[in-house]
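Work through the exercises below with the model open. Each task is followed by a stepwise solution.

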Amino acid sequence: MSITGDGSYFEDFNIGETLEHQRGRTITEADNHIFTSMVMNTAELHFNQNMVDKDPKTYYNGRRVVYGGVVLAFTVGLASEDTSENAIAEVEMDNGRHTNPVFHGDTIYARSTVLEKRDSDRADAGLVKFKLEGFKPDGTVVVEIDRTVLIKRKSHYLKGA
Amino acid sequence: MPSRKIERGHYFEDFEVGHLYKHHWGRTITEGDNSFFTSVTMNANPIYFNREYAQSLGYKGVVVNHLLVMNVVFGLSVEDLSERAIAHLGYEGMKYLATVYPGDTLTSESLVVSKRDSSRPDRGIVKFRTTGYNQRGEKVLEYERPVLIRKRNVKSE
């Protein structure tokens, strides 16, 4: 038994292929409040219902919006077993956009499209760039970002496999 | 004694291009923070939660989840940059520059890169370049982010 799966090494990713990650995650009020506070994000639109009630035209019809950094972290989490279980590090993220707001009770899914593969400065791992998207069940994309990950090479870590 | 209201956060008009904000507080990332964040966001990379495995890859122990590093560096910047924001629009050129371990203390600073009006009169877009450091002053993260921010005393249509 190995700690990580054998289907998510550098060699396993095919440029142009989209991986539809199975699991979804309903983002709860608790998720939003706990993580917003834990990382010391003090923007009240994430956690003060009274403030958004008083100015619903500015604040999403009087709803607290889930902090985007949490949405991104959950989206990466949903994609992680298929894309970065064998990663050595997250390296870069670029062209990130929160394209639609997420509210308490929304469910998000994730998919990753392999954009690019290249050698890294170490022999045992290569760089894979994914376009990561988080979306709701109706297809509305809530976050998209290009994510470059340093991933172990099967040729180095699974010798003789 | 009369009472006084202490307001926090900045409006669109408050930002000057070229100004550098050195954000206060700083934050030591604990093992508990990292385990909790990684588990609840269901991140499957064992470098974040299996010490023996992380060490087998050459790390000195469990690594702090990159998304937690990003969120803490970001979170520390909010009071100065985006407490009055209507929306945090995205991320550009984000680079993870150094491994962060539990026990490391992160600080954050941000440069005002640009600002422009938006299509609605009550708000504008400001772009910031934020850099996160560890306790040795080494850069651990940098990125730019555009933010949609309220203007002072302009009512929403």
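**Exercise 1. A helix in chain A**

How many residues has helix α3 (residues 68–83) of chain A, and how far does it reach from its first C-alpha to its last?

Solution.
Step 1. Fix the conventions. This is a predicted model, where local features need pLDDT of at least 70, side-chain atom pairs count only at pLDDT 80 or more, and totals for chains, interfaces and linings use all residues. Residues are numbered from 1 along each chain as its sequence is written, while chains are lettered from A and ligands numbered from 1 in the order in which they are written.
Step 2. Fix the elements. Helices (H or I, at least four residues) and strands (E, at least two) are DSSP runs, numbered from the N terminus.
Step 3. Read off the helix. α3(A) has 16 residues and reaches 21 Å.
Step 4. Compare with the expected span, which is 1.5 Å times one less than the number of residues. That gives 22 Å, and the span of α3(A) is close to it.
Step 5. Check the axis. α3(A) bends by about 30° at A:Gly77. The bend is the angle between axes fitted to the seven residues ending at a residue and the seven starting there.

**Exercise 2. Burial of that helix**

Why is α3(A) described as largely enclosed by the rest of the structure?

Solution.
Step 1. Apply the cut-offs. A residue is buried if 20 or more other C-beta atoms lie within 10 Å of its own, exposed if 12 or fewer, and partly exposed in between; C-beta atoms are placed from the backbone.
Step 2. Count. In α3(A), 15 of the 16 residues are buried, so the helix is largely enclosed.
Step 3. Set this against the chain. Of the 161 residues of chain A, 43% count as buried.

**Exercise 3. The setting of A:Phe130**

Locate A:Phe130. Is it buried or exposed?

Solution.
Step 1. A:Phe130 is found in strand β5 (residues 125–135) of chain A.
Step 2. A:Phe130 has 24 C-beta neighbours inside 10 Å, so it counts as buried.
Step 3. List its contacts. Two residues are in contact if their C-beta atoms, placed from the backbone, lie within 7 Å. Leaving out residues up to four places away in sequence, A:Phe130 touches A:Thr83, A:Ser112, A:Thr113, A:Val114, A:Leu115, A:Arg147 and A:Val149.
Step 4. Take a distance. The C-alpha atoms of A:Phe130 and A:Ile34 are separated by 29 Å, with their positions 96 residues apart along the chain.

**Exercise 4. Tracing the sheet in chain B**

Which strands pair with β5 (residues 105–117) of chain B, and in what sense?

Solution.
Step 1. Start with the inventory. Chain B has three helices and seven strands, in the order β-β-α-α-α-β-β-β-β-β.
Step 2. Use the pairing rule: two strands pair if DSSP finds at least two bridges between them.
Step 3. Strand β1 (residues 20–22) of chain B runs antiparallel to β5(B) over three bridges. Here B:Lys22 stands opposite B:Glu109.
Step 4. Strand β2 (residues 27–28) of chain B is also antiparallel to β5(B), with two bridges. B:Thr28 stands opposite B:Thr105.
Step 5. Strand β6 (residues 123–133) of chain B joins β5(B) by 10 antiparallel bridges. B:Arg116 has B:Ile125 as its bridge partner. The hairpin between β5(B) and β6(B) runs through five residues.
Step 6. Continue to strand β7 (residues 139–150) of chain B. It is antiparallel to β6(B), with 11 bridges. B:Gly124 is bridged to B:Ile149.
Step 7. Inspect the turn. Five residues lie between β6(B) and β7(B), and B:Gly137 in that hairpin takes a positive phi near 80°.

**Exercise 5. Where the chains meet**

How many residues of chain B are in contact with chain A?

Solution.
Step 1. 38 residues of chain B are in contact with 38 residues of chain A.
Step 2. Assign them to elements. α1 (31–40), α3 (66–81), β3 (85–88) and β4 (90–96) of chain B each supply at least two residues. The largest share, 10 residues, comes from α3(B).
Step 3. Sort by type. The side of chain B that touches chain A divides into 19 nonpolar, 12 polar and seven charged residues. Ala, Val, Leu, Ile, Met, Phe, Trp, Tyr, Cys and Pro count as nonpolar, Asp, Glu, Lys and Arg as charged, and the others, Gly among them, as polar.
Step 4. Look for strand pairing across the chains. Strand β3 (residues 87–97) of chain A pairs with β4(B) in the antiparallel sense over four bridges. A:Met93 has B:Met94 as its bridge partner.
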